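This report introduces one protein model to a reader who has not met it before. The sequence and the structure are shown first, and the description follows.

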Amino acid sequence: MNNIPFATFLEQLQETNQPLDFFCDFEKINRNMEDIKLDLCMLNSLIGCTDMRRAVETIWRRDRATFASLPMLLALRPGENKKYMEADGTCKSVRELTQSVDGVMHLLRESGLQQVLQEQKIKDTVDYVFGIETGLDTNARKNRSGHIMEQRVAQLLREYGITFETEVYSRTWPVLSEALGTDEKRFDFVIRTPGCTYLAEVNFYSSGGSKLNEVARAYTELSQRINEVAGFTFLWITDGKGWLSARNKLQEAYAAIPLVYNLTSIRDFLSSITA
């Protein structure tokens with residue numbers, strides 16, 4: 001059973017699990033930039049133009065494919081087939097506008113980009129798009145947060161010299177599939193020891209919400225079903241001050257699930273299985 005009081009478990013919950021390199025994935029940003037950097041250098045010739053159409057036609061004659069990257073100046077990725085509404089109510093594709101000089105001019109004029117470029121509000125499209133890529137990358141933070149928790153647990157397991165597997169499906173064990181029925185489950189970690197196979201779920205919640213009540217309930221039920229199968233034990237590693245908003249449901253789960261740990265107390269469990 002859990003070896004620390006629930007009140008202590010709550011006190012140990014961490015405010016965040018995000019290192020400084022969480023906020024921006026600069027490697028991904030740089031990769032995205034490399035794909036369109038040459039196009040952006042060509043588009044630099046539009047900055048400060050008094051005769052915008054003539055400048056567009058010059059680029060068009062040299063390499064019309066350059067304009068596939070133009071929507072990125074509107075924070076739209078080149079391959080994204082974003083729709084927009086014309087003044088007459090018809091819906092059209094932004095990407096289709098890059099297929100002709102008239103379309104490019106329409107995009108520049110109606111989006112406001114033409115004025116921005118002519119007034120030199122943008123000094124360099126490469127630097128400008130780097131900033132856009134950085135902003136777009138913040139949308140991926142939610143996914144990265146879950147991965148960070150998994151990476152942290154994996155790091156701890158390696159620190160203790162524990163062999164583990166990741167993302168293992170319950171169908172790996174027919175006896176477990178029978179116990180879970182149609183509810184096939186993918187476990188974040190599997191730790192095999194001579195006496196037991198631990199099936200672990202890990203998560204981190206920095207903010208609260210109704211979802212946490214359902215998570216606590218679901219894991220309580222999952223634990224009961226797994227622990228009834230000889231040789232298997234459910235292990236839940238969770239952290240984050242978001243749980244403070246659902247402490248009652250978490251307390252119920254903490255009492256019902258034999259193995260619940262946070263990033264601090266998990267060391268006790270790891271020590272026990274390596275002793």
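A residue is called buried when its relative accessible area is under 20%. The model described here is predicted.

**Helix H10**

By the cut-off just given, the buried residues of helix H10 are Leu212, Val215, Ala216, Tyr219, Thr220, Leu222, Ser223 and Ile226. An α-helix has 3.6 residues a turn, so residues three or four places apart point the same way. H10 covers residues 211-227, a run of 17 residues. From its first C-alpha to its last it reaches 24 Å, close to the 24 Å expected at 1.5 Å a residue. The cover over the buried residues of H10 includes two helices, H9 (174-180) and H11 (247-256). It also includes the strands E4 (186-192), E5 (197-204) and E6 (232-239).

**The sheet**

Strands of a sheet pair through backbone hydrogen bonds, either parallel or antiparallel. In this model, five strands make an open sheet with mixed pairing, in the order E3-E4-E5-E6-E7. Its edge strands are E3 (165-169) and E7, each of which pairs on one side only. H10 packs on this sheet, where it touches E4, E5 and E6, and its direction makes about 160 degrees with that of E6.

E4 and E5 run antiparallel and are joined by four bridges. The connection between E4 and E5 is a hairpin through four residues. E5 and E6, by contrast, pair in the parallel sense, over eight bridges. From E5 the chain crosses through H10 to E6, and this β-α-β crossover is right-handed. E6 also pairs in the parallel sense with E7 (residues 260-261), over two bridges. A right-handed β-α-β unit is likewise made by E6, H11 and E7.

The table lists residues that stand opposite each other in paired strands.

| Residue | Opposite residue | Strand of the opposite residue |
|---|---|---|
| Phe189 | Ala200 | E5 |
| Val190 | Leu199 | E5 |
| Asn203 | Thr238 | E6 |
| Phe204 | Asp239 | E6 |
| Ile237 | Tyr261 | E7 |

**Two covered strands**

In a regular strand the side chains alternate between the two faces of the sheet. For E5, both faces are covered. Thr197, Leu199, Glu201 and Asn203 are buried on one side, and Tyr198, Ala200, Val202 and Phe204 are buried on the other. Eight of the eight residues of E5 are therefore buried, given a cut-off of under 20% relative accessible area.

E6 is also covered on both faces. One side carries Phe232, Phe234, Trp236 and Thr238, while the other carries Thr233, Leu235, Ile237 and Asp239, and all of these are buried. Because eight of the eight residues of E6 are buried, the strand is largely enclosed by the rest of the structure.

**Three buried residues elsewhere in the chain**

Ile47 is found in the loop between helix H2 (26-43) and H3. Its relative accessible area is 17%, so Ile47 counts as buried. When residues up to four places away in sequence are not counted, Ile47 touches Leu117, Gln120, Ile122, Lys123, Asp124 and Thr125. Gln114 is 67 residues from Ile47 along the chain, and the C-alpha atoms of the two are separated by 8.9 Å.

Ser69 also has its place in a loop, the one between helix H3 (52-63) and strand E1 (83-85). With a relative accessible area of 1%, Ser69 is buried. Leaving out residues up to four places away in sequence, Ser69 touches Ile36, Asp39, Leu43 and Pro78.

Ser93, in turn, lies in a strand, E2 (residues 91-93). Ser93 is at 2% relative accessibility and so counts as buried. At 3.2 Å, its side chain reaches the backbone nitrogen of Arg95. Ser93 touches Asn81, Lys82, Lys83 and Tyr84, again without counting residues up to four places away in sequence.

**Summary**

In this predicted model, H10 packs on an open sheet of five strands. The chain passes from E5 through H10 to E6 in a right-handed crossover, and both E5 and E6 are covered on both faces.

How values were computed: Residues are numbered from 1 along each chain as its sequence is written. This is a predicted model: local features need pLDDT of at least 70, side-chain atom pairs count only at pLDDT 80 or more; totals for chains, interfaces and linings use all residues. Side-chain values use heavy atoms; hydrogens and water are left out. The expected span of a helix is 1.5 Å times one less than its number of residues. Buried means under 20% relative accessible area, exposed over 50%, partly exposed in between (1.4 Å probe, protein chains only). Contact means heavy atoms within 4.5 Å. Two strands pair if DSSP finds at least two bridges between them. A crossover is right-handed if, with the strands pointing away from the viewer, the path from the first strand over the helix to the second runs clockwise. Axes are lines fitted to C-alpha atoms, for helices over the stretch in contact, and angles run from 0 to 180 degrees between N-to-C directions. A polar contact is a pair of N or O atoms within 3.5 Å; within protein, one must be able to donate a hydrogen and the other to accept it, and residues adjacent in sequence count only if both atoms are side-chain atoms.
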